[in-house]
Amino acid sequence: MLWNPKHPYFYCIGLAGISMGERTILAPNMLPSVNRIGDDGVVVDNGTTLTMLPEKLYNAVVSEFD
């Protein structure tokens, strides 16, 4: 878990990539960490049904499923 000073009430993690089978799609540089002002990283919210990813990462995941 990562501390996020902008949103201390969220669970934040760093995302290095998404693995499917033997392939790993690397995450953009902004997702593996939270900077000192609270930007970047990933919020984990088990109370929502939505998953939002940066467009380039999302498109790469969709392509892998195709």
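This passage describes a strand pairing, a buried asparagine and a nonpolar surface patch in a predicted model.

The strand pairing comes first. Strands β2 and β3 span residues 17-20 and 23-26. The two run antiparallel and are joined by four bridges. Within this pairing, Gly 17 stands opposite Leu 26 of β3. Ser 19 has Thr 24 as its bridge partner, also in β3. The hairpin formed by β2 and β3 has two residues between the strands. There, Gly 21 adopts a positive phi near 65 degrees.

The segment before β1 contains Asn 4. Its relative accessibility is 3%, so Asn 4 counts as buried, the limit being under 20%. The side chain of Asn 4 approaches the backbone at two places. One of its polar atoms lies 3.2 Å from the backbone nitrogen of His 7. A polar atom of the Asn 4 side chain also lies 3.2 Å from the backbone oxygen of Gly 38. Gly 38 appears again among the contacts of Asn 4 beyond four places in sequence, together with Cys 12 and Val 34.

Met 1 is likewise found in the segment before β1, which covers residues 11-13 as a strand. Met 1 has a relative accessibility of 72% and therefore counts as exposed, the limit being over 50%. On the surface, Met 1 forms a nonpolar patch with Tyr 11 and Val 44. Together, the three residues of this patch have about 380 Å² of accessible area. The segment before β1 thus holds both a buried residue, Asn 4, and an exposed one, Met 1.

Definitions and conventions. Residues are numbered from 1 along each chain as its sequence is written. This is a predicted model: local features need pLDDT of at least 70, side-chain atom pairs count only at pLDDT 80 or more; totals for chains, interfaces and linings use all residues. Side-chain values use heavy atoms; hydrogens and water are left out. Patches are made of residues with over 30% relative accessible area and no salt bridge: like charges are joined within 9 Å, nonpolar side chains (Val, Leu, Ile, Met, Phe, Trp, Tyr) within 5 Å. Accessible areas come from the Shrake-Rupley method with a 1.4 Å probe; for residues, only the protein chains shown count as cover. A salt bridge is a side-chain nitrogen of Lys or Arg within 4 Å of a carboxyl oxygen of Asp or Glu. Buried means under 20% relative accessible area, exposed over 50%, partly exposed in between (1.4 Å probe, protein chains only). Two strands pair if DSSP finds at least two bridges between them. A polar contact is a pair of N or O atoms within 3.5 Å; within protein, one must be able to donate a hydrogen and the other to accept it, and residues adjacent in sequence count only if both atoms are side-chain atoms. Contact means heavy atoms within 4.5 Å.
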